[in-house]
Amino acid sequence: MTTSSDPGIDALAAALRRFADERDWGQFHTPKNLAMALAGEVGELLAELQWLTPEESVAVMADPGAGGRVRAEIGDVMIYLVRLADALGIDLVEAATDKLADSARRYPVENARGSAAKAAGE
């Protein structure tokens, strides 16, 4: 199953699929379970940044311990996101590109520059 128009993401998806298949984990890798696992890993990433000041969060990668933990959690998030997209047959690059185009339409530069406000109806 093709996950992306990006060969690097395709290779990662294939490696993750093999890893799961070798362990007979495919039976557990349903979209629901993968989405729940992804949410859990995002929570673990949030926990690494939770009590940092904005300045500390920007500099977190300069700390070998904290930076290593953040990197590992981002790796986990990526793994579950790629597995979920693979299970659903979603091209990640295409989905992100489509979403970026939609956001550009909803948040034109002249209205959104320097503002964190949500678009009307959001």
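With a relative accessibility of 8%, arginine 83 counts as buried, because the cut-off for that word is a relative accessible area under 20%. The structure in which this arginine sits is a predicted model, and within the model arginine 83 belongs to helix 4, which covers residues 64-88. If its neighbours within four places in sequence are left aside, arginine 83 is in contact with Leu16, Arg17, Ala20, His29 and Leu34.

From here we can turn to the nonpolar interior. The largest nonpolar core has six residues, namely Ile9, Ala13, Leu16, Val82, Ala85 and Leu92, and both helix 1 and helix 4 supply at least two residues of this core. Helix 1 gives the largest share, with three residues. Leu16 therefore appears twice in this account, as a member of the core and as a contact of the buried arginine 83.

The surface offers another kind of nonpolar grouping. Phe19, Trp25 and Phe28 form a nonpolar patch there, and together they have about 300 Å² of accessible area. Phenylalanine 19 is partly exposed, at a relative accessible area of 38%, tryptophan 25 is partly exposed at 35%, and phenylalanine 28 is partly exposed at 47%. These residues can be called partly exposed because their values, 38%, 35% and 47%, lie between the cut-offs of 20% and 50%.

Phenylalanine 28 lies in the loop between helix 1 (7-22) and helix 2 (31-49). The count of aromatic pairs comes to one, and this pair is formed by phenylalanine 19 and tryptophan 25, whose rings are edge-to-face, 5.6 Å centre to centre and with 70° between the planes.

Technical notes:
Residues numbered from 1 in each chain as written. Predicted model: local features only at pLDDT ≥ 70, side-chain atom pairs only at ≥ 80, totals over all residues. Heavy atoms only, no water. Patch = residues over 30% accessible without salt bridge, like charges linked within 9 Å, V, L, I, M, F, W, Y side chains within 5 Å. Areas by Shrake-Rupley, 256 points an atom, 1.4 Å probe, with all protein chains shown as cover. Salt bridge = Lys/Arg side-chain N within 4 Å of Asp/Glu carboxyl O. Helix = DSSP H or I, 4+ residues; strand = E, 2+ residues; numbered from the N terminus. Buried < 20%, exposed > 50% of the residue type's maximum accessible area, 1.4 Å probe, protein only. Contact = heavy atoms within 4.5 Å. Core = buried A, V, L, I, M, F, W, Y, C linked by side-chain atoms within 4.5 Å. Phe/Tyr/Trp six-rings, centres within 6.5 Å; stacked < 30°, edge-to-face > 60°.
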